[in-house]
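Me: I would like to work through this structure with you, step by step, looking at how its side chains pack together. Please explain each term when it first comes up.

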Amino acid sequence: MDQHNHIARLMTCGGDARITIDPASGANRYMSTPYPRRLIAYASSTANDISADAFAHVTRRAQVMAPDGEWTPALYGEALDGLRARLRTAYALPGDVGIAFAPSGTDLEYIALAANTGAGGVHNLLLGADEVGSGCIHSANGAYFAKETALDAATVPGAPVAGLGPVTLAQIPVRDDLGRAQDSCAIAMGIRRQAEDALAKGMTPLIHIVHGSKTGLVLPELQEVDALIDQYGDTIRFVVDACQARITTKAINAYLERGIIVFLTGSKFMGGPPFSGMALIPPAAMDRAAPLAQGLAQIFRRAELPAAWPGREILPDSANAGLLLRLEASIFELERFQALPIPRVMRVIDAFQQAVGKLTTRLLARQVDTRFTGIHAWQRIMPLEMQTLVTLDIGNCLGRPDFDAATGIHKALAAQGIRLGQPVRSVRTGFGAGAGGWAGTLRIGLSMPQIVGLDQLGDDCLGDDALAAHFAQDMTAIGDALTIALLERTRQSLPA
């Protein structure tokens, strides 16, 4: 047990305050733990508890890698190189793709800025700011996002990272006032306007493609990306925010073939504990990478960036055992998931979708749209990986909960052992120009380890029945708890 406690404690080190465990609850601010628990958990869009299998794996690996508890820089570098090789195998990546590791997905924004620094600065274009990590607003602007870094350096949120500027930041919403997803063509038009303005100022436009937002959007589509590349060539740059990791091997390699950096994290769909980040960097992006900015020496350790990155020697040559173990758990889950044939994955997802559909009907809720609203929207099929996540609009359910009320319901359910994805600002309470605040939402998502575990129920008729029964039991418990919470909210809103 002491060894287990030690491993759990290590996995809460080497990050920022978001990973800190509250002594009273034993969980971090996202209500997840670095040790396995028996819960009803569909919170992969926010943060996971580590699975029992991954925890056992990490414990064994720690004993092999550092039997004496000594995490040396040499050991750290060797272990990260091993994880790079495993990632390349898992995603069938070309051998010349560089891989950088980061303490969180938020830190990955610094990698994109460092790889795309231009003489006149970078104009960073963020899509759907309400549907990506909240700290990304700071890091995408070349600024610190927390009061400390993974190197225990004291920082000021919003203060610039030395040497990364100049950086300007703009945003394009991915939903309209009714909560409908914007059309990919409309998004591309907005990108063109921003790119033209930045180029006229001598800046390098850096466009964020969202592949799996907090509610499962993919914008803009690849055909629009190709059109932008044909029009502007290398004068504009792209990065893919796939931090939810709801992305297929084929999609990852399609982006890399176009010279686009891809961000992933191990703590969402991949199913590992928070926090860890991975940047897949194609050769073209590695070739144009500028020497590292001095301020990045407060954020990254040397072994975390590819050996070929110019100026890597300014980074401290030290180890982050916590990040290493979190990555180890995540890539363990990825390898197990990638070994499953697609039809078996689809079988689990289909049963999940049917069960969540029944829950939606029971609650008289609405599923937030994950498709585009343009004239050809009916022709677009939701990508398989996006079918692992459903966002429920509960704003018109009993009590008409708004975003703040949904946040309270989310916390109340977690206290009862039911973990869902956090509310996300995606639906307005009003319409058009008079739109009010944000309506209440909750997210229900599968993770890689859940799919692997549920696949073991079998693929015959009896197995399908067992799969349906499993989801029905969980969704009934979620529905019961939500109904009670909504009734309580209704009671509180009645006049005394």
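Me: Which residues does Trp71 touch, not counting residues up to four places away in sequence?
Reply: This is a predicted model, in which local features need pLDDT of at least 70, side-chain atom pairs count only at pLDDT 80 or more, and totals for chains, interfaces and linings use all residues. Residues are numbered from 1 along each chain as its sequence is written, and side-chain values use heavy atoms, with hydrogens and water left out. Contact means heavy atoms within 4.5 Å. With neighbours up to four places away in sequence set aside, Trp71 touches Leu10, Ala62, Met65, Ala66, Ala319, Ala321, Leu324 and Leu325.

Me: Which helix gives the most to the largest nonpolar core?
Reply: A nonpolar core is a set of buried Ala, Val, Leu, Ile, Met, Phe, Trp, Tyr and Cys residues joined through side-chain atoms within 4.5 Å, where buried means under 20% relative accessible area, exposed over 50%, and partly exposed in between, with a 1.4 Å probe and protein chains only. The largest such core has 108 residues, and Tyr42, Trp71, Leu264 and Phe471 have the most contacts inside it. Helices (H or I, at least four residues) and strands (E, at least two) are DSSP runs, numbered from the N terminus. The helix that gives the most to this core, with 10 residues spread over 321–338, is H10.

Me: Are the rings of Tyr110 and Phe145 stacked or edge-to-face?
Reply: Rings of Phe, Tyr and Trp (its six-membered ring) pair if their centres lie within 6.5 Å, and planes under 30 degrees apart count as stacked, over 60 as edge-to-face and the rest as tilted. Tyr110 is buried, with a relative accessible area of 1%, and Phe145 is buried as well, at 16%. Their ring centres are 6.5 Å apart and their planes lie at 25°, so the pair is stacked.

Me: How many residues apart are Phe269 and Phe337, which link distant parts of the chain?
Reply: The ring centres of Phe269 and Phe337 are 5.5 Å apart with planes at 80°, so this pair is edge-to-face. Both residues are buried. Phe269 lies in the loop between strand E8 (261–265) and strand E9 (277–281), while Phe337 lies in helix H10, and the distance along the sequence is 68 residues.

Me: Over the face of which residue does Arg428 lie?
Reply: A charge sits over a ring if NZ of Lys or CZ of Arg is within 6 Å of the ring centre and within 35 degrees of the ring normal. Arg428 is placed in this way at 3.8 Å from the ring centre of Trp438.
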